[in-house]
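Here are my notes for anyone opening this model for the first time. Keep the viewer open and work through the points in order.

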Amino acid sequence: MTTANTEVQYANAEQLLAAIQPASGGTEVHDPATGELVGRVAEGTAADLDAAVESARAAQPGWDALGHEERKRLLNAAADAIEANAEALAELLSREQGKPLNGPNARFEVGGAVGWLRAATAYEVEPEVVVDDGQTLAVKHYRALGVVGAIGPWNWPMMISIWQLAPSLRMGNTVVMKPSEYTPLSVVALVHVINQVLPQGVLHVVPGGREVGEKLSSHPQIAKIMFTGSTRTGKAIIRSSADTVKRLTLELGGNDAGVVLPDVDPAAVAEDLFWGAFINTGQTCAALKRLYVPEAIYDQVCDALVEVAGKMPMGVGLEEQNVLGPLQNKAQYDIVADLVQDAVDSGARVLLGANPDGQATGYFYPTTLVADIDPQNRLVTEEQFGPALPIVKVKDVQEAIELANSLEVGLGASVWSADKAKAQEVAAQLQAGTVWINSHGTIDPRVPFGGAKQSGYGLEFGLDGLKSLAQPQIIKS
């Protein structure tokens, strides 16, 4: 296969934008913090998607034939290319998505993209002997699927794109990506950098709207869809993929619960609780979205969270001191504002925030903590996906478990306790794909990740994630 050995290092986001923008036209993308124009992106069509799929389909046999070792070498070279352009990518990400450069935000995300890309090369995927009794030999092999379609979100556009493309490519598939309409430049730039070292035709990105997404999920030449986003959109993908019986990995909406046990030292866990909830300004599927605290330490936990939250600066992402940013788009801002107002109207007690100052630019919603809230209030039962945390008082741990399990989603959950054995006992009773103890949302490329209930199905990361991008084939003799 022909490899594009034309590595270029971009000094800043402007140079990178100049390389990926159309010569004229395209859709404008604006900074959610300032309203300023970030750049323009070419709008793909259904015909563009068809062309990308056909190119990926033509390239797939040659890519598969390279074998695991050569694909691993090229993926590590792609990680090198991202590292060489890390600051330019982080600047562009901050301007388009809104997240600050520092804290667990833009630079962190670009670093995560590198880490997950390298992690996809860290495992051997060998044939597995299922039966060998002297009469029957059955061996399980893992074959490439073909062309994988990847549909990504706007909250972690670069890192989640890597979660989708890295294992797909490692297993011998080619990939066609459709980024969110809100953050297309970040993904186009990432793919541009990666394609400096990958063979031509192996990885494509087609920006566009609903037409492109629907075409991708129903396309007869797409073997599998990987999707991260809302449960509602995930259900639509399931329906549109049904006629072609596509394989699916769906990481869907979460409304993650945190359960605090009475033995916790509130001051010791407050900062970890804060970042569990407010990482990426709360715009994370597996962020802590509702916190259940026993009466005995309720006020102390609330006070400790207020102290931590009040020290976290929010503002324009390119200003180095900030660690919290705006909501990425007006629609999400309106959702957060509506849910918090519903809590206020119900009589819940605002500990911090909840009063936007009506600034002329930027979708900034203040860091908000809400106490003494009814467990059935919408701010608790609906995913806010923003910087607002409801803190629910419970009489005991059993009530917290019941409330945590009461919703139809189960991406993640957490238990906070000084007694690890007790925490594990509670964790086993929570209906979630991942339960963290004394942290929340701390994902690891070595550890499988996936949802329960309506938070999706299929696993990502680690060896399980690689195998999910392959077709098992049994050869029996």
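1. A quick term before we start: two strands count as paired if DSSP finds at least two bridges between them. And a reminder that this is a predicted model.

2. Start with the hairpin. Strand β1 (residues 27–30) runs antiparallel to strand β2 (residues 37–41), and four bridges link the two. If you want one pair to click on, threonine 27 has valine 41 as its bridge partner in β2. Six residues sit between the strands of this hairpin, and glycine 35 has a positive phi there, near 80°.

3. Now zoom out. The chain splits into domain 1 (13–252 + 455–476) and domain 2 (256–437), so domain 1 is written as two stretches of sequence. The C-alpha centres of the two domains are 30 Å apart. Across the boundary, 27 residues of domain 1 make contact with 28 residues of domain 2.

4. Which residues touch the most other members of the largest nonpolar core? They are Ile82, Leu92, Ile162 and Ile194, in a core of 63 residues. That core takes at least three residues from each of domain 1 and domain 2. Apart from it there is another core, made of 32 residues and including Ala348, Val370, Val380 and Leu403.

5. Isoleucine 162 is a good place to look inside the largest core. Setting aside neighbours within four places in sequence, isoleucine 162 contacts Ile82, Ala113, Trp116, Leu117, Pro167, Leu190 and Ile194. Two of those names, Ile82 and Ile194, should ring a bell from the previous point.

6. Serine 168 is part of helix α6 (residues 157–170). Buried or exposed? Serine 168 is buried, because its relative accessibility is 0%, and the cut-off for buried is under 20%. Leaving out residues within four places in sequence, serine 168 is in contact with Val148, Asn173, Val175, Met226 and Leu469.

7. Glu251 carries the feature "active site" in UniProt, from an unreviewed entry. In the model, glutamate 251 belongs to strand β9 (residues 247–251). With a relative accessible area of 5%, glutamate 251 is buried. Not counting residues up to four places away in sequence, glutamate 251 touches Trp163, Phe227, Thr228, Gly229, Cys285, Leu411, Phe449, Ser455 and Glu460.

8. Over in strand β11 (residues 288–294) you will find valine 293. Valine 293 is buried too, at a relative accessible area of 0%. Beyond residues up to four places away in sequence, valine 293 touches Val260, Tyr298, Val301, Ile391, Val392, Lys393 and Val394. For a distance to try in the viewer, the C-alpha atoms of valine 293 and glycine 456 are 27 Å apart, with 163 residues separating them along the chain.

9. Helix α15 (residues 420–427) has buried residues at Ala423, Val426 and Ala427. Why do they sit on the same side of α15? Because they cover an arc of only 100° around the axis. The general background is that an α-helix has 3.6 residues a turn, so residues three or four places apart point the same way. The cover over the buried residues of α15 includes β10 (256–260), α14 (397–404), β16 (412–416) and β17 (434–437).

10. Last one: an unreviewed UniProt entry annotates residues 71–99 as a "coiled-coil region". In the model this span is 90% helix and 0% strand, and its end C-alpha atoms lie 32 Å apart.

Technical notes
Residues numbered from 1 in each chain as written. Predicted model: local features only at pLDDT ≥ 70, side-chain atom pairs only at ≥ 80, totals over all residues. Heavy atoms only, no water. Core = buried A, V, L, I, M, F, W, Y, C linked by side-chain atoms within 4.5 Å. Buried < 20%, exposed > 50% of the residue type's maximum accessible area, 1.4 Å probe, protein only. Contact = heavy atoms within 4.5 Å. UniProt positions renumbered as here; feature names shortened; annotations may be inferred. Arc of directions from axis to C-beta.
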